[in-house]
Amino acid sequence: MASYLAGRLASLLISLVVASIVIFLVIEVVPGDPAQFMLGLNAQPDTLAALRTQLGLDEPALIRYFTWIFGMLHGDFGISYTYRTPVSELVAQRIGVSAPLALLSLALTVIIGLPAGIIAAARRNSATDAAVMGATQLGIAVPNFWFAIMLVWIFAVILHWFPAGGFPGWNKGIWLGFKGLLLPSIALALPQAAILARVMRSSLLDTLGEDYIRTARAKGLPRAQALWKHAVRNALIPVLTIVGLQFSFLLAGGIIIENVFYLPGLGRLTFQGITQRDLITVKTVIMLLVFAVIFVNFLVEIAYVLVDPRLRRRA
Amino acid sequence: MSLLEIEDLSLSIGKAPILRDVDLRLDAGEVLGLVGESGSGKSMTALTIMQLLPHAARATGRVTFDGIDILAAPEAAMNRLRGDDIGMVFQEPMTALNPLKTIGEQVAEGIRWHRGSNRADAEREARRMLDRVGLPEAQFPLSRYPHELSGGQRQRVVIAIACALRPKLLIADEPTTALDVVLQKQILELLQGLVREDRMGLLLISHDLAVVAEMADRVAIMRAGEVLDTGETARTLSEQRHPYTRQLAMASVHVPERPAHRPHGTAPLLELRGVTRDYPLRRRSLFGPAGTFRAVDGVSFTLAAGQSKALVGRSGCGKSTLARMILALDAPTAGEIVFEGQDLARLGTAGMKAARRHMQVVFQDPYGSFDPRHRVERLVAEPLHLAEKRPGRAEQRDMVAHALHEVGLSPSDMDKYPHEFSGGQRQRLSIARAIITRPKLIVADEPVSALDVSIRAQILDLFADLNRRLGLAYLFITHDLTVARAITDEVIVMHEGRFVEEGETAVVLERPRSDAAKALVAAAPDLSRAIAQRLAEAG
Amino acid sequence: MSLSAEALETQAFWRTAARSPSFVIGALLSALVVLAALLSFVWTPYDYAAQDIPNKLQGLSAAHWLGTDQYGRDVFSQVLVGARTSISVALVAVGLGVGVGVPLGLLAAALRGSLIDEIVMRGNDLIFAFPALLLAILITSVFGPGAINAIIAIGIFNIPVFARLSRAAALSLWTREFILAARAAGKGAARISVEHILPNILNLLIVQGTIQFSLGILAEAALAYVGLGAQPPVPSWGKMLADAQTLVALAPHLAIVPGLAIIATVLGLNLLGDGLRDVLDPRLRRER
């Protein structure tokens, strides 16, 4: 088990290093001169020179890369070019929206998707199964940002139950903040819940066909008992991987959904950074998001150990 | 009144009829052997008794267990019976246990479910049961997980689950088919002991007449969903009144006619010198040395042209690894494999082509050994790739037609796909593929062990016939001594990577000297011996 | 003789296919979208870019079947041309994934356990570790928005999907006896991969291809929605949604119509994929 964890940790670090290199290359090396890119074509030479110094462009790329990495390790993410404030402060403000949004969506996804999948598999070929499968088939096909627009139209424009967008901030009370994130997280979660339900169903059906389910039934366990005590936990193993991937999708999807609802989160920050060509902000936010995704996948692999004794090898 | 009575049982799944008018009877404490080839309906009979049939199955007739009408019993009543009064053991021990639960949990689960006992009591009971099936606490605490056990040990756990509540009836569906002969003997003895101690009725399902002859008081012989013959074991199998019983019994002990091999003084066709194969093991720690596992350990032997030799041993003894090295599908770590006077390791591309042309292979699984997307012509012609000059299209068709003819198939089969053939026909196809390059040696890895006995007898005849007509040399890799006895001149016994005994087949199998060979011979079920013993016991 | 056997197989395929509702509905929907895209090359009711300010924001009518947008452009014409954009971007992206991923997967499987296998698999893991949409946004924002960069950004994420799938499927085939038989017949790894492995994983690839195609449609729409896909005046469904968003109170049909087009396309492709899986792999269907 220790060696499994060590292996996973090593692969986590390698992924992070490679990811940072890729982001660095794409942002700082590929566009040619990042300062020129950020300021546009008709920039003043002295502004350009100032920015070049700020970015450290006089240094070789390798030095710049390590400066960036060591800075981040110390919590120094650089100064945003457009906001003139440390990126760490910008991120700290926005993460209070993006992280709850991703977590809320993930919770909704799991709470809706897993039971739907289990019910469909337990009642295979029934009307319930057909209804769940039909709904999920549709759910997978719906683009989340379109779903978000429809939710705004119905619940904000027509029914006036929710604000059409914006975020009141957590200091106005938990409930208001939660209400502000509810529609966006539903828009994010439902299509993902549809995917999860299908994966859960199919994994559970595979498991229900296993020999050990027959052994359990031969012991005298009724179908439902065999399902809950033997099939579900086994079926969750492949599902865990999907949940990990979905978190990554929810984070990235959140970036787009934040735009639909005008939420002041990391996604808005990214797009503002992109339109204003603020590469310092963009690379940091993207690196943070990638870190979150890689870290969550690491957690999923730890969860495997808890679920699956075959990974808990003794020395 | 008997413990189990089956009358006029018919079963269909969807529109397909599976069982027809099956009548069976089993008394308490009795062992009934249910024998038949694949598809005869043995397993479906068992699943009917358990009421664990597929959804589309419809059963008619009467199945009475201990006075209870099984076919009419509600699901809740069946749940009370299963695992308590009726236990069942399955064929495949590797997949029969839940990988995420400890063996203790899995044995105790049924006890808790049926008896409503608390965890501690159920675990105490489970412990006692695991001891009984030969898994003592010192090596096999309740906290073990299935992946920590071997196949034979897992089958013991399955038996412990089935017998934990001392059922009145135990159903064992091919309980040893996935195990090698030595393990088979151990498991059968275990079952025999448990059944005797607890006075259980045992329904033993097997394709192997010899196994049933050794175990069962009475036998029932099934074919195509019907019970053709039934009666007291020794009488039924020795008198063989029903023609199908006779056919099965003859096929089980079939020995093809073939002349003894006369060695002539030429150089050996194949010679192995000190061949060793190591596999790296997974590293235990990041910095520790990577260990190795020695699958084959310095073995040497020679095979003359036209000679037929068997390589026998328990599963995992290294015989298949050795076969792969001889076929140059894997390279030895040390030692030399010399074929037709040339070291395989030193052959260039052209030399290797020539060597492969003279050395072909027949595999175990007649279903897996053909690409399902190609036609027979292309499949059988595949080794022609090795020919010095690739034959033209017409010539290739001639060669394929000829090879098909040699193995008893029709040249018109050339345009069919493999799924259009039965298992036995497919094994004929593999042999056709193997002989198309006119090889001198055929390495056959368990070539008949996936086949039903009657088919297997025919394939053995074919091997003997080709040996006589084409002068082919054979190396049979097998765990089955009856195959070795039927078709080989000499036998090598392999154990843990080494050769422990070799000699003339008849001599080694009659008077084995090494422990490994003795164990193999003693464990191998033998129909004639079993019948003789039963008759002697009956007086 | 050989022709008739193939004809029989084709016939059997269509017979099974006709019995699968997923396949029939999916094939019809997909065909409809493809036809719409093809139709747009030769005919649209109006010029998709022609503005007609006096007739802006009209609802559904006989003149404008699906109404007009804020510049009075015909929505139906835009939807037709948008199908073209979506399909071509997604199709080329899938092609990129298949073209690079499948050979890589087959190579890794043929050289299993080797350094090359390790590198290919680690590379795949790495791409998977990136949130796909995020990197697509990154790529298109740095290299500039546009259809080509959208294709590359989406296609990159198709590579590991196909590499993994074909490696896993090929690996299980490599242990099969018919592959051993081919090796005993002296055939090399490359030849076996092409002659035996590829034909046997083709069904899987086709099914996965339709799924990736539908995911590509969704990804293209998302990129276009945030302004990083095909650039105006080329219409695309995602861009139409972005424009419609602010007008949803005034003219909801502007948001509903392109959304339904996306849903119909993705639904059709997914159903087609499911249906193909049923038809091409009877073993799977029996188990489900």
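This report walks through a predicted model, starting with chain A and then turning to the two interfaces of chain C.

## Chain A on its own

Chain A is helical in its regular elements: there are 12 helices and zero strands. Read along the sequence, that gives the pattern α-α-α-α-α-α-α-α-α-α-α-α. If you want a feel for the dimensions, the C-alpha atoms of chain A fill a box of roughly 80 × 60 × 35 Å along the principal axes.

Of the 315 residues in chain A, 53% are buried. Take the contacts in chain A between residues at least 6 apart in sequence, and 74% of them join residues at least 24 apart.

## Where chain C meets chain A

Here 37 residues of chain C are in contact with 43 residues of chain A. The area buried between these two chains is about 3700 Å², and carbon and sulfur atoms give 80% of that.

On the polar side, the rule finds four residue pairs in polar contact across the interface of chain C and chain A, both residues at pLDDT 80 or more. On the chain C side, the elements giving two or more residues are α4 (115-129), α5 (132-143), α8, α9 (237-245) and α10 (252-280). The largest share comes from α10(C), with 12 residues. Sorted by class, the side of chain C that touches chain A has 29 nonpolar, five polar and three charged residues.

There's also one salt bridge across this interface. C:Asp274 pairs up with A:Arg198, with the closest N and O atoms 2.9 Å apart.

## Where chain C meets chain B

Now for the other partner. Chain C puts 22 residues in contact with 25 residues of chain B. About 2100 Å² is buried between chain C and chain B, with carbon and sulfur atoms giving 51% of that area. In chain C, the residues that lose the most area to chain B are C:Glu177, C:Ala184 and C:Ala185, and together they account for 26% of what that side buries.

The rule finds two salt bridges across the interface of chain C and chain B. In a salt bridge between B:Arg378 and C:Glu195, the side chains meet at 3.8 Å, N to O. As for polar contacts, 11 residue pairs turn up across this interface, with both residues at pLDDT 80 or more. The chain C elements that give two or more residues to this side are α1 (2-19), α7 (177-184) and α8 (189-225). It's α7(C) that gives the most, with seven residues. By class, the side of chain C that touches chain B splits into nine nonpolar, five polar and eight charged residues.

## A buried serine in chain C

C:Ser86 sits in helix α3 of chain C, which covers residues 75-110. Is C:Ser86 buried or exposed? C:Ser86 counts as buried because its relative accessible area is 1%, against a cut-off of under 20%. Leaving out residues up to four places away in sequence, C:Ser86 touches C:Ile217, C:Glu220 and C:Trp237.

## Cysteines

How many disulfides does the rule find over all chains? The count comes to zero. In chain B, B:Cys163 is buried, with a relative accessible area of 0%. B:Cys317 is buried too, at 4%.

Notes: Residues are numbered from 1 along each chain as its sequence is written. Chains are lettered from A and ligands numbered from 1 in the order in which they are written. This is a predicted model: local features need pLDDT of at least 70, side-chain atom pairs count only at pLDDT 80 or more; totals for chains, interfaces and linings use all residues. Side-chain values use heavy atoms; hydrogens and water are left out. Contact means heavy atoms within 4.5 Å. Buried area is the accessible area (1.4 Å probe) that two parts lose on being put together, summed over both. A salt bridge is a side-chain nitrogen of Lys or Arg within 4 Å of a carboxyl oxygen of Asp or Glu. A polar contact is a pair of N or O atoms within 3.5 Å; within protein, one must be able to donate a hydrogen and the other to accept it, and residues adjacent in sequence count only if both atoms are side-chain atoms. Helices (H or I, at least four residues) and strands (E, at least two) are DSSP runs, numbered from the N terminus. Ala, Val, Leu, Ile, Met, Phe, Trp, Tyr, Cys and Pro count as nonpolar, Asp, Glu, Lys and Arg as charged, and the others, Gly among them, as polar. Buried means under 20% relative accessible area, exposed over 50%, partly exposed in between (1.4 Å probe, protein chains only). A disulfide is a pair of cysteine sulfur atoms within 2.5 Å.
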